[in-house]
Amino acid sequence: MRLDNRVALVTGAAMGIGAAVAECFLEAGARVVLFDIDAQALSLRESALQDRGELLAIAGDVASEADVESAVARTLETFGSLDLLVNNAGIDLAGKAPDFSSSDWDRLMDVNLKGAYLFSRYSIPHLAARAGAIVNISSVHAIVSYESCPAYDAAKAGMLALTRTLALDHGPQGVRVNAICPGYVDTPMTQKWLDSVPDRAATLEQVRAVHPLRRMATPRDIAEAALFLASSRASFITGATLVVDGGLTIYGR
Ligand code: NAP
């Protein structure tokens, strides 16, 4: 699954799943643009990946149309094309509806859903010229519901609908659009959540137990699935959802 001569832009690439996708794509021969809101973490990731291939780090917010437009323009100026887009950046805010502020709702939707739309909007004309592909990182939250996650679950489900509609609209131009639904993945986002629960060890054990494979995913597990969907090995796959959850949704909890 090589990505030679392909230029990929990965959002939320400073850490976690996005960083693993960036690394995996570089190893597969792609030139990679790392986009992230955390300029400091981004700079550390850029240094860590520098000897792995050609890359460009751009700090910005996926929810800012100006940042997105400028990131796509800088990608084209630097590398001459854009072939692959991985909409990965996301945030995790929880709370039952009465306790969940409308500003938190707006911010979560802006980052987790509008960001994917904005990057798609500015990227698709370039992807269409190159038989490109989009991979959207959704979640099992799009399929099974979790307590106190109304905005996160709605945004992740929305991302699957967005995936299908973009696939429908841009398939005739040769653009493929697919989504991945990870279960629990061992990333800074998950570690932050584990740090917030009363009994970390017991929660970690429960997390392992809800996966038939009895472990969380590594970021690399998700990156390998993204590599497949971005590569020509998936050339007839579009509008699809690939559940990469160690079997979690078989249990449905
Ligand atoms: P993570 O460890 O928090 O890393 C996400 C990166 O994205 C961080 O560097 C973060 O910066 C950045 N980011 C956040 N908001 C951004 C914005 N507005 N613009 C640009 N970059 C932004 O998260 P992760 O666990 O790797 O998750 C990546 C994606 O997978 C998310 O969409 C998440 O919902 C999804 N997912 C995660 C899991 C899981 O178990 N971890 C499971 C299913 C799906 P800051 O740290 O400054 O916010």
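The second largest pocket is lined by 13 residues, and those nearest its centre are Arg6, Ala230, Ser231, Ser232 and Arg233. A pocket here is an open set of points on a 1 Å grid over the protein atoms alone, with protein on both sides within 12 Å along at least five of seven lines, and a lining residue has an atom within 4 Å of a point. The model is predicted, so that local features need pLDDT of at least 70 and side-chain atom pairs count only at pLDDT 80 or more, while totals for chains, interfaces and linings use all residues. Residues are numbered from 1 along each chain as its sequence is written, and side-chain values use heavy atoms, with hydrogens and water left out.

**Pockets**

The second largest pocket has a volume of about 190 Å³, and the largest pocket holds about 1,300 Å³ of space. A volume is the space filled by probe spheres set on the grid points, which are joined across faces, edges and corners. Among the 46 residues lining the largest pocket, Ile91, Asp92, Tyr152, Met189 and Thr190 are closest to its centre. Helix H6 (188-196) is one of the elements that supply at least two lining residues, and H6 gives the largest share, five residues. Helices (H or I, at least four residues) and strands (E, at least two) are DSSP runs numbered from the N terminus. Domain 1 (7-182 + 218-241) and domain 2 (186-216) each contribute at least three residues to this lining; the domain bounds come from an automatic or database domain assignment.

**Cavity**

A search of the whole structure finds one cavity of 30 Å³ or more, a cavity being a set of points where a 1.4 Å probe fits but cannot get out. Among the residues lining the largest cavity are Thr11, Val62, Asn87, Phe119 and Met159. Helix H4 (residues 102-128) provides the largest share of this lining, five residues.

The table gives the lining residues by class: Ala, Val, Leu, Ile, Met, Phe, Trp, Tyr, Cys and Pro count as nonpolar, Asp, Glu, Lys and Arg as charged, and the others, Gly among them, as polar.

| Space | Nonpolar | Polar | Charged |
|---|---|---|---|
| Largest pocket | 22 residues | 15 residues | nine residues |
| Second largest pocket | four residues | four residues | five residues |
| Largest cavity | six residues | five residues | no residues |

**Ligand**

The ligand is surrounded by 30 residues, the closest being Asp36, Asn88, Tyr152, Val185 and Thr187; a residue counts as near if one of its heavy atoms lies within 4 Å. A polar side-chain atom of Thr187 lies 2.5 Å from an oxygen atom of the ligand. For Thr190, an N or O atom in the side chain is 3.0 Å from a nitrogen atom of the ligand.

Methods: Polar contact = N/O pair within 3.5 Å; in protein donor to acceptor, adjacent residues only side chain to side chain.
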